[in-house]
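Please open the structure in a viewer and keep the selection panel at hand. The tour below proceeds stop by stop, naming what to select and then describing what is there.

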Amino acid sequence: MQPIISVNNITKTFNTDGRLESLTVLNNMNVDIQENEFVCIVGPSGCGKSTLLRLIAGLEAPTEGDVLYRGENLTKPRKEIGMVFQNYSLMPWLNVEDNIAMGLNFKRVSKTEKKKTVDEFLKIIGLENFRKSYPHELSGGMQQRVAIARTLANSPDVVLMDEPFGALDAYTRILLQKELLRIWEYDKKTIIFVTHSVDEAIYLADRIILMSGRNGGINREVSVDMPRIRDRADSRYAKLTQELLEELEQLNNIM
Ligand code: ADP
Ligand code: MG
């Protein structure tokens, strides 16, 4: 089957004035993502995870190689690929329903249809009673729910998430992981999810890609074939956590 996203022999080099040498972040990297797959990308800070997502979002161009969406070269952002950032990035002057509707304003969608979509997502994220609230009136977890709903309301095929739960407290984080899986089961998208957390990756992913800062690419790929909702008390969970943590420690040591 044709992958929905193909990263083909990507190299990304940054030339910055402040540095004497250019910095190669990704070096000849290859990844294929299949439709409806939930892929987590884990790796040490600075290894190029956000850079990879920005390339797939079409926000940045590779130095060499190409990124394909359903076989087509990706050279700029497109509506089929949505992104959720760590810091929620809601519009502070818009209330919850207007934030969710924001992306729809760029599309030719009737008022009735827009309201229907907004209502549907308010229900999915459980914030029906907060539709008129402004971002500053919401907790971090609620804001991130709204940001996820805003991205999904645009009905992208591929959702890119860059450490979306990184700023949340541990309890809310676990809650939102579960919620994200529920939304994904209901409305299967392809998700590429960047995280620092091995535990989060094992909880969420079909497949985990470990990136290393050293060779600028994938270090290891692991399929997680435990049924969802995954049980953190399962011995396989603990074993896989241990394995991946050891691998990451090695990656950190050689950086
Ligand atoms: P990660 O998300 O894995 O922490 P990033 O992809 O943000 O890593 O960054 C990888 C490396 O590339 C870092 O050393 C960072 O400083 C550098 N980098 C990222 N974006 C730029 C840029 N626009 N210009 C120069 N260097 C950059
Ligand atoms: Mg990053």
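**The whole chain**

Begin by selecting the protein chain and showing it as a cartoon: the chain has 7 helices and 10 strands, where helices (H or I, at least four residues) and strands (E, at least two) are DSSP runs numbered from the N terminus. The radius of gyration of the chain is 19 Å, close to the 18 Å that the globule rule gives for 255 residues, so the chain is as compact as a globular protein of that length. That radius is taken over C-alpha atoms, and the globule rule is 2.2 Å times the number of residues to the power 0.38.

This is a predicted model, in which local features need pLDDT of at least 70 and side-chain atom pairs count only at pLDDT 80 or more, while totals for chains, interfaces and linings use all residues. Residues are numbered from 1 along each chain as its sequence is written, chains are lettered from A and ligands numbered from 1 in the order in which they are written, and side-chain values use heavy atoms, with hydrogens and water left out.

Reduce the display to C-alpha atoms, and they fill a box of roughly 50 × 45 × 40 Å, taken along the principal axes. Next, show the surface: the chain exposes about 12,800 Å², of which carbon and sulfur atoms supply 48%. Such accessible areas come from the Shrake-Rupley method with a 1.4 Å probe, and for residues only the protein chains shown count as cover.

Of the 255 residues, 50% count as buried. Here buried means under 20% relative accessible area, exposed means over 50%, and partly exposed lies in between (1.4 Å probe, protein chains only). Among contacts (heavy atoms within 4.5 Å) with a separation of 6 or more, residues 24 or more positions apart account for 70%.

**The ligand site**

Now select ligand 1 together with its surroundings. Which residues are the closest to ligand 1? They are Gly 46, Gly 48, Lys 49, Ser 50 and Thr 51, out of 13 residues that surround the ligand; a residue belongs to this shell if one of its heavy atoms lies within 4 Å.

Zoom in on the oxygen atoms of ligand 1 to find three polar contacts (pairs of N or O atoms within 3.5 Å; within protein, one must be able to donate a hydrogen and the other to accept it, and residues adjacent in sequence count only if both atoms are side-chain atoms). A backbone N or O atom of Gly 46 lies 2.7 Å from a ligand oxygen. For Gly 48, a polar backbone atom is 3.0 Å from an oxygen atom of ligand 1. In Ser 50 the partner is a side-chain N or O atom, 2.9 Å from a ligand oxygen. The protein covers 65% of the 560 Å² of accessible area that ligand 1 has on its own.

Colour the elements around the ligand: β2 (23-33) and α1 (49-56) are those that give two or more residues to the shell. The largest share, 3 residues, comes from α1. By class, the shell holds 5 nonpolar, 6 polar and 2 charged residues. Ala, Val, Leu, Ile, Met, Phe, Trp, Tyr, Cys and Pro count as nonpolar, Asp, Glu, Lys and Arg as charged, and the others, Gly among them, as polar.

Stay with helix α1 and select Thr 51. Thr 51 is buried, with a relative accessible area of 12%. Leaving aside neighbours within four places in sequence, Thr 51 is in contact with Lys 12, Phe 14, Val 25 and Leu 26.

**Helix α4 and the loop before it**

Select Gln 144 in helix α4. Is Gln 144 buried or exposed? At 0% relative accessibility, Gln 144 counts as buried. Beyond four places in sequence, Gln 144 touches residues including Val 84, Tyr 88, Pro 164 and Leu 176.

Move to Phe 130, in the loop between α3 (111-124) and α4. Phe 130 counts as partly exposed, at 31% relative accessibility. Setting aside neighbours within four places in sequence, Phe 130 is in contact with Val 96, Leu 138 and Met 142.

**Backbone details**

Most residues other than glycine have a negative phi, and most peptide bonds are trans. Select Asn 36, in the loop between β2 and β3 (38-42): its phi is positive, near 70 degrees. Ser 155, in the loop between α4 (140-153) and β7 (158-162), has a positive phi near 40 degrees.

Finish at Ile 229, in the loop between β10 (217-223) and α7 (235-254). The peptide bond from Arg 228 to Ile 229 is cis, with omega near 0 degrees.
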